[in-house]
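Reader: I should like to go through this model with you, one question at a time. Please show it before we begin.

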There are 2 protein chains.
Amino acid sequence: MLTGNVKLAIVDDHPIVLEGLQRLIAHVPEITMVGTFTEGAPLLDYIRTNQVDILLLDISLPGENGMEICKEVKRISPQTQVLALSNHAERSMILQMLQHGATGYLLKNIAPGELVACIAEAQQGLLTFSKAAKEIMARPSSVELKGIPQLTKREKEILHWIAEGRTTPQIAEQLNVSPLTVETHRRNLIQKFAVPNVAALIKVAAQQGFI
Amino acid sequence: MLTGNVKLAIVDDHPIVLEGLQRLIAHVPEITMVGTFTEGAPLLDYIRTNQVDILLLDISLPGENGMEICKEVKRISPQTQVLALSNHAERSMILQMLQHGATGYLLKNIAPGELVACIAEAQQGLLTFSKAAKEIMARPSSVELKGIPQLTKREKEILHWIAEGRTTPQIAEQLNVSPLTVETHRRNLIQKFAVPNVAALIKVAAQQGFI
DNA sequence: AAATTTCTACTGGTTTCCCGGTATATTTAT
DNA sequence: ATAAATATACCGGGAAACCAGTAGAAATTT
């Protein structure tokens, strides 16, 4: 599966994990470990001047944000494929990492053989997941789907325009109704989502896929 | 790969596609086609009273929103695995469908054999993609990653609290600074994202992964 | 050391939002 | 047919957001 030589880098704050991965990779001639890092900043420095094909990125570094690092990596070096490596077994976390440009998500309980297979897939420019991650993705948690309010057609319409940045008077004009009507809908939206204002409304509505 | 009997339903507005899929599935004894639909509403009625294991859902139905249908299906019948079937070859579209509870994404140029393999994977409760979709997901478009403003630490902090629904005075108190300072940061955020107000700010910031 | 960026803070004014209510047609569902 | 949900609209008032500026202190970068 692996072709040519893969330059691999790893970021993880646990030295043991770095050790283990290094030993593991040593057995695979097609993979060259070009760098191991325990923090984000040195990694970002490294990729500015060196080629890294695949990055295994622990996204739960203390005091840092794995997503930010991922985004920055892709900004500096778009051809680097980032594989998130994490204990976080939550659907929303996986989706967020993908949104930040990750090309795959591996749970830390991954088997060595599976890891190599995933690296190979990533090298070929393919999305890849560990099996456990695939299982999580196929099981939308009931928490995620619960508590999602039912919106009427009109409410969805108005929600959309609010998210676009239109004010109440502007929306009213657009829909040919009274601003007071639009305001009522807006208030109903805020109530249905149980949030204090539009800012929070847009946040939760976006999270729940309404926008 | 396929075990037992899979109850499959399809939604697609092109009769030809329905025909073709039906023919294709007829060759696979483990899959039973329990329903074909050209609109969302009849499908939703059907799943309210009948078991469907896997749903192939065309997400570009005229006058309907595939995401809404997907979300509704998962609400009514969480055990139904929804495979999005589409021509839309965009990363953001795929992510949105996953966010709405889909368990996989297949591009319409999928090979018959691959389709059956994907159905089998979905049946096992695993996330699944057609190969073309995997390729798209591994190539975050530069457009997506470009045009993303650089935010300072303070701005990120304030953005976060705005999204939580806090008002300017509340944030000021929390951070022990003047409300006027918070307002300045807020205005800088609105300017950096080139949006008219906080509602739009939260929308684009959420889309770009800041929230 | 100098330049740039970031964080801080202000004045004064307009618009919009948000809250407490109430209320009547029109659909939609039972 | 009757009940429930939806879309429409209003009043009054206080709080917050938004606009157009200016500007010094602190931290960072060059």
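Reader: Which residues come nearest to DNA strand C?

Author: The model is a predicted one. In it, 19 residues surround DNA strand C, a residue being counted if one of its heavy atoms lies within 4 Å. Those that come nearest are drawn from chain A and chain B: T168(A), R187(A), T152(B), R154(B) and S178(B).

Reader: Which helices each supply at least two residues of the surface near DNA strand C, and how many of its residues are charged?

Author: From chain A, the helices are α9 (168-175) and α10 (179-192); from chain B, they are α8 (153-163) and α10 (179-192). By residue class, the surface near DNA strand C has six nonpolar and eight polar residues, and the charged ones number five.

Reader: What percentage of the atoms of DNA strand C within 4 Å of the protein belong to sugar or phosphate?

Author: Both parts of the strand are represented. An N or O atom in the side chain of H185(B) is 3.2 Å from a phosphate oxygen of DNA strand C. On the base side, R187(A) has a side-chain N or O atom 2.7 Å from a base nitrogen, and a polar side-chain atom of T184(B) lies 3.5 Å from a base nitrogen. Of the strand atoms within 4 Å of the protein, bases account for the rest once sugar or phosphate has taken its share, which is 57%.

Reader: How many salt bridges are there between chain A and chain B?

Author: The two chains meet through 44 residues of chain A and 44 residues of chain B, and the area buried between them is about 3,900 Å². Carbon and sulfur atoms give 58% of that area. One of the salt bridges joins E164(A) to K203(B), with the closest N and O atoms 3.0 Å apart; the count between the chains is six.

Reader: Which helix gives the most to the side of chain A that touches chain B?

Author: Several helices of chain A each supply at least two residues of this side, among them α3 (66-76), α4 (91-99) and α8 (153-163). The side as a whole divides into 19 nonpolar, twelve polar and 13 charged residues. With six residues, the helix that gives the most is α11(A).

Reader: Why is the relation between chain A and chain B that of a two-fold axis, and which residue of chain A comes closest to the axis?

Author: Chain A superposes on chain B with an RMSD of 0.2 Å after a rotation of 180° and 0.0 Å of shift along the axis. That combination is the relation of a two-fold axis. The same surface serves both copies, as 98% of the contact residues of chain A recur in chain B. At 2.7 Å from the axis by its C-alpha, the closest residue of chain A is A199(A).

Note on methods:
Residues numbered from 1 in each chain as written. Chains lettered and ligands numbered in written order. Predicted model: local features only at pLDDT ≥ 70, side-chain atom pairs only at ≥ 80, totals over all residues. Heavy atoms only, no water. Polar contact = N/O pair within 3.5 Å; in protein donor to acceptor, adjacent residues only side chain to side chain. Helix = DSSP H or I, 4+ residues; strand = E, 2+ residues; numbered from the N terminus. Nonpolar A, V, L, I, M, F, W, Y, C, P; charged D, E, K, R; others polar. Contact = heavy atoms within 4.5 Å. Buried area = accessible area lost by both parts, 1.4 Å probe. Salt bridge = Lys/Arg side-chain N within 4 Å of Asp/Glu carboxyl O. Least-squares fit on C-alpha atoms with pLDDT ≥ 70 in both.
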